[in-house]
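Reader: I'm new to this one and would like to know how its labels are earned. Could you show me the structure and then take my questions?

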Amino acid sequence: MSTDTAAAPGPLDRVPAREQTDISRLCEQVVELLARLERPPRTLRVTAGEATLDIDWTEAAPAGPTASGAAPAPAAPATAGDAATADDTVYLTSPAVGVFYHAPEPGAEPFVSVGGLVQPGDQIGIVEAMKLMMPVEAKRAGRIAAVVKGDGEPVEFDEPLFALAPEEV
């Protein structure tokens, strides 16, 4: 009697190794392209040979009860990657829908902490969307006043991640 515990074949198992490498390189290029955009596109179509991947980003769902039954906290106003409030607090926001991470890998120091200074272009986190890792960068200078989203939490496009007290650095 055989006790073969091999995993069930996945979709890439039927693809020749050379094409898997091409697909991997294509995925890396897509991640780089998405990271350079000021905001994610509404749709993305990637074709590699006979395979096509279509991704649609939908608008944020209207406010209402979450799976836990509690109403979500109101989102801070957002414009072009950051949002200002009446007290000059600015929110650095998510560039995409996905899962937000504070550090480059589990157990590593976070990119930024409360009290830390950031400049435009500084990496402040990562958003993972469909296995694509997109760097989150500060759009303006300031001091991190609060961490709004926890590590590993799902985020929506333009959802606040950090509160930033504007100041010259």
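Reader: How many salt bridges does a search of the whole structure find?

Author: Two, in what is a predicted model, and that count comes from searching the whole structure. Both involve Lys149, which is linked with Glu153 and Glu159 in a network of salt bridges.

Reader: What makes the contact of Lys149 and Glu153 a salt bridge?

Author: The label needs a side-chain nitrogen of Lys or Arg within 4 Å of a carboxyl oxygen of Asp or Glu. For Lys149 and Glu153 the N to O distance is 3.3 Å, so the pair fits that rule.

Reader: And what makes Lys149 and Glu159 a salt bridge?

Author: That's the same kind of check: the cut-off is 4 Å, and the closest N and O atoms of Lys149 and Glu159 are 3.1 Å apart. Lys149 sits in the loop between strand 9 and strand 10, and Glu159 in the loop between strand 10 and strand 11, so the pair ties together parts that are ten residues apart in sequence.

Reader: Why does Lys149 count as buried?

Author: Buried means under 20% relative accessible area, and Lys149 comes in at 12%, so buried is the word for it. Its partner Glu153 has 31%. That value falls between the 20% limit for buried and the 50% limit for exposed, so the label is partly exposed.

Reader: How do you know that Glu128 has no salt bridge?

Author: The nearest side chain of opposite charge is Lys131, and it is 4.5 Å away. A salt bridge has to be within 4 Å, so this pair doesn't qualify. Glu128, which belongs to strand 7, is buried all the same.

Reader: What joins the side chains of Glu128 and Tyr101?

Author: A polar contact of 3.2 Å, and the limit for that label is 3.5 Å. Leaving aside neighbours within four places in sequence, Glu128 also touches other residues, including Val97, Gly98, Val99 and Met133.

Reader: Why is the pair of Phe100 and Phe162 called edge-to-face?

Author: It's the one aromatic pair found in a search of the whole structure. The ring centres of Phe100 and Phe162 are 5.8 Å apart and the planes stand at 75 degrees, so edge-to-face is the right name. To count as a pair the centres must lie within 6.5 Å, and planes over 60 degrees apart are edge-to-face.

Reader: What parts of the chain does that aromatic pair link?

Author: Distant ones: Phe100 is in strand 5 and Phe162 in strand 11, 62 residues apart. Phe100 has a relative accessible area of 0%, and Phe162 has 0% as well. Buried starts under 20%, so both rings' residues get that label.

Reader: What makes Met130 stand out?

Author: Its phi is positive, about 50 degrees, although Met130 is not a glycine. Most residues other than glycine have a negative phi. Met130 lies in the loop between strand 7 and strand 8, a hairpin with two residues between the strands.

Reader: Is Met130 buried or exposed?

Author: Exposed, with a relative accessible area of 57%. The cut-off for that word is over 50%, so Met130 passes.

Reader: How do you know that strand 7 and strand 8 pair up?

Author: Pairing takes at least two bridges, and six join these strands, which run antiparallel. One of the links brings together Ile126 and Pro135.

Reader: Which side chains of strand 8 are buried?

Author: Leu132, Met134 and Val136, which point to one face. Met133, Pro135 and Glu137 point to the other face and are not buried. That alternation is what a regular strand does.

Reader: What makes Asp158 buried?

Author: Asp158 has 18% relative accessibility, and the limit is under 20%, so it counts as buried. Asp158 is in the loop between strand 10 and strand 11, with a positive phi of about 65 degrees although it is not a glycine. Its side chain makes a polar contact with that of Thr93 at 3.1 Å, within the 3.5 Å allowed.

Reader: How many helices and strands does the protein chain have?

Author: One helix and eleven strands. Of its 169 residues, 28% count as buried.

Technical notes
Residues numbered from 1 in each chain as written. Predicted model: local features only at pLDDT ≥ 70, side-chain atom pairs only at ≥ 80, totals over all residues. Heavy atoms only, no water. Buried < 20%, exposed > 50% of the residue type's maximum accessible area, 1.4 Å probe, protein only. Helix = DSSP H or I, 4+ residues; strand = E, 2+ residues; numbered from the N terminus. Phe/Tyr/Trp six-rings, centres within 6.5 Å; stacked < 30°, edge-to-face > 60°. Polar contact = N/O pair within 3.5 Å; in protein donor to acceptor, adjacent residues only side chain to side chain. Lys, Arg positive; Asp, Glu negative; His and termini not counted. Contact = heavy atoms within 4.5 Å.
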